[in-house]
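Got the viewer open? Let's take a walk through this protein, one selection at a time.

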Amino acid sequence: MTTETTKLQENKRLARSIPERVFAEGDPDLLDELYAENAIEHNPFGDIHGRAAIRESYEGFMAAFPDIEQNVEDIVAEGDTVAMRLTARGTHEGPMMGLEPTGREIEVQQTVFTHIEDGEIVERWLHPDNLGMLQQLGVVESEFL
């Protein structure tokens with residue numbers, strides 16, 4: 001394997017660690033080894049700056065969906081960027097975004113781009129299907145679409 005191929009495979013492994021280790025094991029402590037201290041996450045609700053704030057965000061999401069599973073459907077790497085398409089499934093059992101638990105199950109798609117430098121995640125862009133999630137939770141009526 002060439003050095004470039006090895007680097008791309010390592011970047012994919014690192015990016016997959018979020019769905020396949022952090023969420024699968026329900027262990028936000030793993031974020032400390034995956035993210036750079038000053039990492040940034042971009043999501044539809046705004047940017048989250050720093051590993052501690054990112055961890056807090058993950059903990060809140062895992063409390064809202066304690067049985068969350070994220071399956072990597074597709075993954076592509078080029079240079080220092082990894083793109084993934086995920087399917088997330090879980091049950092809404094805790095407060096989230098001002099919503100009380102509904103007990104409803106969700107299954108939504110998400111696209112994530114991960115930028116890696118020196119073996120750490122420095123930036124991620126998350127594009128979840130929040131509308132689909134809110135429809136499945138009964139918050140948004142699908143008949144208006």
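Start by selecting glutamate 41 and isoleucine 48: isoleucine 48, in β2, is the bridge partner of glutamate 41. You're looking at a predicted model here, by the way. Now widen the selection to strand β1, residues 35–43, together with β2. The two strands run antiparallel and are joined by four bridges. If you're wondering what holds such pairs together, strands of a sheet pair through backbone hydrogen bonds, either parallel or antiparallel.

Next, colour the whole sheet. Which strand order will you find as you cross it? Six strands make up this open sheet, and they go β2-β1-β6-β5-β4-β3, with mixed pairing. Click on β2 (46–49) and β3 (69–78): each has a single partner strand, so one side of each has no neighbour in the sheet, and these two are the edges. Turn the view to look across the strands, and you can follow a twist that averages 20 degrees from one strand to the next.

Time to bring in a helix. Show α1, which packs on the sheet and touches β1, β3, β4 (81–91), β5 (105–117) and β6 (120–128). Compare directions, too: that of α1 makes about 165 degrees with that of β3.

Then add α3. This helix also packs on the sheet, where α3 touches β1, β2, β4 and β6. Its direction makes about 55 degrees with that of β1.

Keep just those two helices on screen. How do α1 (residues 3–25) and α3 (residues 51–64) meet? They pack at an angle of about 65 degrees, with axes 12 Å apart, and α1 passes α3 in a right-handed crossing. For a look at the contact itself, show side chains for Ile18, Val22 and Phe23 on α1, plus Tyr58, Phe61 and Met62 on α3. Sort the residues of this contact by type and you get six nonpolar, no polar and no charged.

Now zoom out and show everything. How many helices and strands does the protein have? There are four helices and six strands, and reading along the sequence gives the pattern α-α-β-β-α-β-β-β-β-α. The radius of gyration is 16 Å, close to the 15 Å that the globule rule gives for 145 residues, so the protein is as compact as a globular protein of that length. Along its principal axes, the C-alpha trace spans about 50 × 30 × 25 Å.

One last stop: try colouring by burial. Of the 145 residues, 40% count as buried.

Notes:
Residues are numbered from 1 along each chain as its sequence is written. This is a predicted model: local features need pLDDT of at least 70, side-chain atom pairs count only at pLDDT 80 or more; totals for chains, interfaces and linings use all residues. Side-chain values use heavy atoms; hydrogens and water are left out. Axes are lines fitted to C-alpha atoms, for helices over the stretch in contact, and angles run from 0 to 180 degrees between N-to-C directions. A crossing is left-handed if the near helix is turned anticlockwise from the far one by less than a right angle, and right-handed if clockwise. Contact means heavy atoms within 4.5 Å. Ala, Val, Leu, Ile, Met, Phe, Trp, Tyr, Cys and Pro count as nonpolar, Asp, Glu, Lys and Arg as charged, and the others, Gly among them, as polar. Two strands pair if DSSP finds at least two bridges between them. The radius of gyration is taken over C-alpha atoms; the globule rule is 2.2 Å times the number of residues to the power 0.38. Buried means under 20% relative accessible area, exposed over 50%, partly exposed in between (1.4 Å probe, protein chains only).
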